[in-house]
Amino acid sequence: MTTTQQEKGLHDRSAGQRVAIIALACATAVWGWSYLATVWLLPEMGTASLVAVRFVLAGLLMVAVRPRAVFALGHRHLLAGLSLAVLLGLGTLLQVEGQRHIPPSQSGFLVSLFVVLTPLVAWILFRTRVNKGVWAGVFLATAGLAVISFNGVAMSLGSWLTLAAAVAYATQVAVLSEYSSPDKVFGLATLQVLGTGVLAACWAVPTGIDLPDTGAGWGWLAYSTLLATLGMYAVQTWAQSRVSAATAAVVLACEPLFVAVFSLLTGAVLAGRTVAGGVLILAAMYLVVSADRKVAPPLADPLALPEAPAPGTGFPAPREP
């Protein structure tokens, strides 16, 4: 390969990473708006019902669109997808249960610790190395989240449940970055979404499943199901096939910032600490975009079986250019 070809490959990978980061930031914006939709839906639906209906419907729609995507995953990607579903489902349920015992500000801060936990979990599970620039972005994003939401922490049952949720989210982000590849995006996203819905449905069994009572409620449920769940979890799965887990965690830290900005539309006041925290988070994103050099994976499944040897040789047949 010539020097010019190598430079072109590096440029293409860098451009792919930037597109992935932008896509992931857009997903956090959609999730930020869906937070308000959730607030408006909760008077009509219980928490467990909302999560169950939203994720199960989205998962079933994904199966209907591409019914063979899950079966095309292969054994190891199938196990990875089921693990992602358990992690995302547990994180969601533990966070919601913790919110019953502690104030929202404390919950927001403890959950945000997944940003700094993600690179640690990625190193423990996969020995994924993180360079100094990305670590700087991780700590800067964590500081920004602390500025936005920290009002002191008194450890209690709710605090420990929320910390467990942060660990689950961090592990989910780390596993997703490790196993996601462009040709496995839809299957992994489908398993993740549908599995989370099934877990939430099991949690909702004692009280039953509630549905919206108004047309507006059904409209917000449709938004949460189609865009915030079906669409954005597919976007997240694709984006994390292009960027490292630590970078993804920093970008995902933008969600509370979008929640605060969109809250202005409901008459909320943008506090000075929110602005300061937002500046720190944006600076963290700039650092990771500049520092992350993860190579984008090939389209082929990295967990696929080795290629068969070429006839008459002990070596794999050469790839077509």
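**View 1. The rings of W135 and F139 in helix 6 of a predicted model.** W135 and F139 lie four residues apart, about one turn of the helix, within helix 6 (residues 132-149; helices are DSSP runs of H or I of at least four residues, numbered from the N terminus). Their ring centres are 5.6 Å apart and their planes stand at 20°, so the pair is stacked (rings pair if their centres lie within 6.5 Å, the six-membered ring being used for Trp; planes under 30 degrees apart count as stacked, over 60 as edge-to-face and the rest as tilted). W135, with a relative accessible area of 24%, is partly exposed, and F139, at 49%, is partly exposed as well (buried means under 20%, exposed over 50%, partly exposed in between, with a 1.4 Å probe and protein chains only).

**View 2. The ring pair of F258 and F262 in helix 11.** The centres of these two rings are 6.1 Å apart and the planes at 25°, so F258 and F262 are stacked. Ring pairs also link F258 and F262 with W33, W40, W220 and Y223 into a cluster.

**View 3. W31 in the largest nonpolar core.** This core has 59 residues, and W31 is one of those that touch the most other members (a core joins buried Ala, Val, Leu, Ile, Met, Phe, Trp, Tyr and Cys through side-chain atoms within 4.5 Å). Helix 1 (residues 3-41) gives the most to this core, with eight residues.

Residues are numbered from 1 along each chain as its sequence is written. Local features need pLDDT of at least 70 and side-chain atom pairs pLDDT 80 or more, while totals for chains, interfaces and linings use all residues, and side-chain values use heavy atoms, leaving out hydrogens and water.

Technical notes
Helices (H or I, at least four residues) and strands (E, at least two) are DSSP runs, numbered from the N terminus.
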